[in-house]
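This report describes selected side-chain interactions and the nonpolar core of one protein chain. The sequence and structure are shown first.

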Amino acid sequence: MNEHSNTDMTSPTTGSTTGPRAGTTRPAPPARRSRRRIVIASVAVVAVLAAAVGLVLFQPWKLFTRSTVDESFPVAASVPASGPDSGPGSVPASAPVTVAALPPTAGGDATTPSAPATADPTDQVTVAAEPVALATGTFVDGEHATSGTATIFRLPDGSRVLRLENFSTSDGPDVDVALSDQRAGGDDWGKYDDSRYIALGDLKGTDGNQNYVIPPDVDLTGLTSVVIWCDRFNVAFGTAPISV
């Protein structure tokens with residue numbers, strides 16, 4: 001009995017194992033791996049598209065770009081000098097003037113008609129009319145550092161132009177030059193396009209001396225500022241006070 005008891009006590013207990021061993025990972029099914037790859041690829045495509053759209057909208061490289069445009073002052077037109085009696089029906093200074101014969105005097109002698117008198121061609125003087133400064137102001141900073149002067153001139157032909165001189169600002173996307181009825185300066189940089197806003201065109205350069213034509217049908221009454229306006233982000237880079 002002792003031998004049988006010892007045999008029974010020392011016999012090991014065995015069993016079959018059907019699951020994975022501890023510490024091992026079962027490979028994911030092929031279908032699950034395929035779905036995961038599709039998700040990763042989709043996220044990558046969306047990220048690339050978002051980055052591309054961001055580059056187009058924000059154009060961050062313009063924080064480091066500058067351009068200089070130096071335009072000469074608009075040429076003044078030449079106009080003929082006019083005297084106080086000039087007007088419709090007046091005789092040009094260069095036109096020949098004939099003096100008519102006078103009636104006979106008491107002695108019977110008639111006055112001999114004089115020869116046609118021609119005015120000296122030098123009497124017709126051509127002068128260069130000067131542009132008139134209607135308003136001027138100095139730029140103050142807005143969203144970006146901006147400096148220089150803005151002046152509205154009326155030219156001899158009646159046209160008007162805004163001239164920026166010794167101008168400097170930052171580059172950016174969709175930057176315009178405009179006139180506004182809002183006061184220059186302040187922290188509310190988005191106020192300018194919410195009221196009367198006269199766009200004069202794209203900013204030609206970040207630096208230099210530049211001319212911007214004011215349309216002939218624009219009434220300057222009530223306009224109080226020149227605005228360097230970023231239409232993409234609705235902020236003013238800089239403003240200059242004017243009063244016409």
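In this predicted model, Arg232 and Asp174 form a salt bridge, with 2.8 Å between the closest N and O atoms. The pair links distant parts of the chain, since Arg232 lies in the loop between β11 and β12 and Asp174 in the loop between β7 and β8, 58 residues apart. Arg232 counts as partly exposed because its relative accessibility is 28%, inside the range between 20% and 50%. Asp174, at 39% relative accessibility, is likewise classed as partly exposed.

**Salt bridges**

The structure holds four salt bridges, among them the pair just described. Side chains of opposite charge can pair when their charged atoms come close. Another of these pairs joins Glu71 to Lys204, at 3.1 Å between the closest N and O atoms. Glu71 sits in the loop between β1 (68-70) and β2 (78-80), and Lys204 in the loop between β9 and β10, so this salt bridge ties together parts that are 133 residues apart in sequence. Glu71 is partly exposed at 24% relative accessibility, and Lys204 is partly exposed at 36%.

Arg163 and Glu165 also meet through their side chains in a salt bridge, with an N to O distance of 2.9 Å. Here Arg163 counts as buried, because its relative accessibility of 6% falls under 20%, whereas Glu165 is partly exposed at 26%.

The three pairs discussed are listed below.

| Salt bridge | N to O distance |
|---|---|
| Arg232 and Asp174 | 2.8 Å |
| Glu71 and Lys204 | 3.1 Å |
| Arg163 and Glu165 | 2.9 Å |

**Surroundings of Thr151**

Arg163 is also one of the contacts of Thr151, together with Ala133, Ala135, Thr136, Val161 and Leu162, when neighbours within four places in sequence are left aside. Thr151 belongs to strand β6 and is buried, at 7% relative accessible area. Its side chain makes a polar contact of 2.8 Å with the side chain of Thr136.

**The largest nonpolar core**

The largest nonpolar core comprises 25 residues, of which Phe139, Leu162, Leu164, Leu179, Ile214, Val226 and Ile228 touch the most other members. Two or more residues come from each of β6 (147-154), β7 (160-168), β8 (175-180), β9 (197-202), β10 (207-214), β11 (225-230) and β12 (235-241).

With neighbours within four places in sequence left aside, the contacts of Phe139 include Leu164, Val226 and Ile228. Phe139 is further in contact with residues including Thr146, Ser147, Gly148, Thr149, Ala150 and Phe167, as well as Gly238, Thr239 and Ala240.

Methods
Residues numbered from 1 in each chain as written. Predicted model: local features only at pLDDT ≥ 70, side-chain atom pairs only at ≥ 80, totals over all residues. Heavy atoms only, no water. Core = buried A, V, L, I, M, F, W, Y, C linked by side-chain atoms within 4.5 Å. Buried < 20%, exposed > 50% of the residue type's maximum accessible area, 1.4 Å probe, protein only. Helix = DSSP H or I, 4+ residues; strand = E, 2+ residues; numbered from the N terminus. Contact = heavy atoms within 4.5 Å. Polar contact = N/O pair within 3.5 Å; in protein donor to acceptor, adjacent residues only side chain to side chain.
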